[in-house]
Amino acid sequence: MPNPAAELPPRLPSAAASARRTGFAQPVTAVRKPVIWAVGISKLGELYRDIVPDYAAQAEVQIIDKGYEAVIDALARLPAGSVDGIVAAGSNGAFLRERLALPVVLVKVTGFDVMHALARARRALSSPSPLPPSSPLPPSSPLPPSSPASAVSPASRIALVSYARPAPEFERFKSAFHLDISQHAYFDRHDAEDLVHRLRDEGIEVIVGPGLVSELAERAGLTGVFLYSQDSVRAAFDTALEVARFGRIEAQRRERLDTVLRHLHEGVAAVDLNGRIEAINASMAGMLGVSVADALGRPLDVIAPALDIARTLESASAELEAIVSMAGKTWVINRIPLLDQGTLTGALLTCQDSQSFARVDRSLRSRHRPRHLVARYRLDDLIGDSDAMTQVRALARRYAQTDSTVLVHGESGTGKELLAQGIHNASRRRDYPFVAINCAAFPETLLESELFGYEDGAFSGARRGGKAGLFETAHNGTIFLDEIGEMPMPLQTRLLRVLQEREVLRLGATEPVPCDVRVIAATHRDLRQRVAAGGFREDLYYRLNILRMVLPSLRERMDDLPRLTPLFLERALARAGARMSVEALQASLLPLLATYHWPGNVRELENLLERIAVVCADVVDAREISRARLVEIAPELGAMPHALGTRMPPDVSKTNSERQTGARDSRPAGLTDAGTDATPSAPLTGRARRAAEELARIHATLAACGGDRGAACEALGISRSTLWRKLRDTAGD
């Protein structure tokens, strides 16, 4: 008889947190042995006790001397995942199998079990005392066939009772051996009690059946023969261990998958055929504004109608990269049907904020930016304290705060790319690429592929897989188009579209690529003249000429010469390994430098000082280098500045202050940016041009000598009275 007061087994350690709390299966401790509950009352429990020690090394088998609701209540008090499987028999096992999600393995009766039990029942009839239920059947006592001559067959006093339905195999066995043994079935405890009493009233003396039936028979004064054998129970245990092993493998696989889902920033949810959420990760729950626990089991279309998973469940077709607006944001949605052996079982939904794509794109471009796409110079690297350079730096900082296109005018060597790099580094795009290209350095076809890129097979010799153009490479950064005035007319049309639409169409492509790029263009040409001559598109000119800057030539800021000279000299002497004093060499050079017209501007100055430093690297005392020696090394310093009258184009000649603020020119009266007459359209000739050239040379020399007229006279090779007279005559004019 079962002990009603039997205690439950001790509380098992939790292998996982409740799935109801998280929505996902929890980690399974890999070192824990499977836990099997052997559920049985009385005789089945006694059979369990004989077998359980043999499985101690493979599993933790706990015998539960309870049945039905008591087992379910006991499981409810344990953490989820504490028990891996249950072994039970008869109506008890069927009851648990219908109500538990755990695998329940039933102890199945074999034909040998039936024959063995019937033989024991036959012996019990012929024995003066009831045969113990566990007594084995002697090998020499086969089951005798019923004798038709006997008035009352012994077999007719034996009944076989099984759960749910009579065994058809036994019916065939009875027919083959002419056995007069009745077979009956029961469905629950009450049904079993009624059956036992009815069989007793019919003259049945021995009842063969499961533990419940055999116990009820003994209570009714009959002989009960337990039907199950050790072999049947062992087979059930073996099956339960195999089921537990596969369950462990599946749980570990699910745990790994759930761990991946939990750590995905992308929202993921799985729904069944009715659109109810079966699994959801925290990212998706956050996007929907619900908790994981609240979302499980609810229809997805109720929580987020905009996601519309019903179409995927109806058509069983995937819908990728759909754009959905929800909760004030734009989302990229993937709807994927879930198929099991070709049968639709549900759908998977992934959801990602569109802004995350932009962040990833920026991060990738930033991390994989080549070294040559980095701007090295800043606005402070534009050396010079003159009013012109001070205005340039101030205006550049103001322009750096916007994303508008900048058009830079300036002669060759004035530092247009340095200015562009400085604007880039002062802008919000500083962490992204700076791409520079000289539009005059490439043939038209090559320039087009470099700027806009091409697709695979766009032309003969195209790189396999295609190539991104410089506009795509500069995404989120700045592209510097030097010598924009030399760009071929067909490419000007494509450039205009990039500036207007902010998208690039590769050669051979049909789909444009969005491109967020700031354009800084530079030229030494008069673009208005190019437009009038038909060499430059007028609409492109106005599209480029939004923010305008003019870099002054070195002639226009000779006041900066004393600061630029020692800087370049120090670098050049260090590279040449020279030991002479920078200050001494500068003192000898400045008078000569101040009389030169510098058509190559700052670049020419740097290169000329490099030449002098290399040639004079072995000289220790700079005072040993005569003026004649310097002119010999740099003959241009001794030539008359006949080219001083070369003017900037009318579109370039006005300074930034004149263009932006209308400030008055601070240079000597009658001179423009290039030292010519104030009327740019009427170049000077003859005596007037020579006078202007000489006056410009005098003022440049005075500026280079810091206003020291004695040093200026020495540099110019004239007397003080001549210098005074020339300045006086100019003032009188």
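Helices (H or I, at least four residues) and strands (E, at least two) are DSSP runs, numbered from the N terminus. By that definition Asp308 falls in the loop between helix H12 (300-303) and helix H13 (310-315). The structure is a predicted model, in which local features need pLDDT of at least 70 and side-chain atom pairs count only at pLDDT 80 or more, while totals for chains, interfaces and linings use all residues. Residues are numbered from 1 along each chain as its sequence is written, and side-chain values use heavy atoms, with hydrogens and water left out.

Taken as a whole, the protein has a secondary structure of 29 helices and 22 strands. Of its 733 residues, 46% are buried, where buried means under 20% relative accessible area, exposed means over 50%, and partly exposed lies in between (1.4 Å probe, protein chains only). Contact here means heavy atoms within 4.5 Å, and among the contacts between residues at least 6 apart in sequence, 65% join residues at least 24 apart.

A good place to begin a closer look is the pair H22 and H24. Helix H22 (residues 561-576) packs against helix H24 (residues 601-615) at an angle of about 45°, and their axes are 8 Å apart; such axes are lines fitted to C-alpha atoms, for helices over the stretch in contact, and the angles run from 0 to 180 degrees between N-to-C directions. H22 and H24 are therefore oblique to each other, given that angles under 35 degrees count as roughly parallel, over 145 as roughly antiparallel, 65 to 115 as roughly perpendicular and the rest as oblique. The two helices, H22 and H24, cross in a right-handed sense, a term that applies if the near helix is turned clockwise from the far one by less than a right angle, whereas an anticlockwise turn makes the crossing left-handed. On the H22 side the contact includes Leu561, Leu564, Phe568 and Leu569, and on the H24 side it includes Val602, Leu605, Leu609 and Ala613. Sorted by class, the contact of H22 with H24 holds 12 nonpolar residues, one polar and three charged, with Ala, Val, Leu, Ile, Met, Phe, Trp, Tyr, Cys and Pro counted as nonpolar, Asp, Glu, Lys and Arg as charged, and the others, Gly among them, as polar.

These helices also take part in the largest nonpolar core, which has 34 residues, and among those with the most contacts inside it are Leu554, Leu589, Trp598 and Leu605. At least two residues of this core come from each of H22, helix H23 (582-593), H24 and helix H25 (627-633). A nonpolar core is a set of buried Ala, Val, Leu, Ile, Met, Phe, Trp, Tyr and Cys residues joined through side-chain atoms within 4.5 Å. Leu554, not counting residues up to four places away in sequence, touches Leu561, Leu564, Trp598, Asn601, Val602 and Leu605. Trp598 itself lies in the loop between H23 and H24 and, at 0% relative accessibility, counts as buried. Its phi is near 50°, a positive value in a residue other than glycine.

Further along the chain, Val619 sits in the loop between H24 and H25, and its relative accessibility of 21% makes Val619 partly exposed. Leaving aside neighbours within four places in sequence, Val619 is in contact with Met580, Glu624 and Ile625. Val619 and Ser581 are 38 residues apart along the chain, yet their C-alpha atoms are separated by 9.9 Å.

Two other helix pairs can be followed in the same manner. Helix H7 (residues 189-201) and helix H8 (residues 211-219) pack at an angle of about 45°, with axes 10 Å apart, and H7 is therefore oblique to H8. The crossing of H7 past H8 is right-handed. Helix H3 (residues 69-76) and helix H4 (residues 90-99) pack at about 40°, with axes 9 Å apart, which makes H3 oblique to H4.

Two single residues complete the tour. Ala285, found in helix H10 (residues 282-288), is buried, with a relative accessible area of 2%, and apart from its neighbours within four places in sequence it is in contact with Ile280, Val290, Ser291 and Val292. Asp308, by contrast, counts as partly exposed at 24% relative accessibility, and the phi of Asp308 is near 50°, a positive value in a residue other than glycine.
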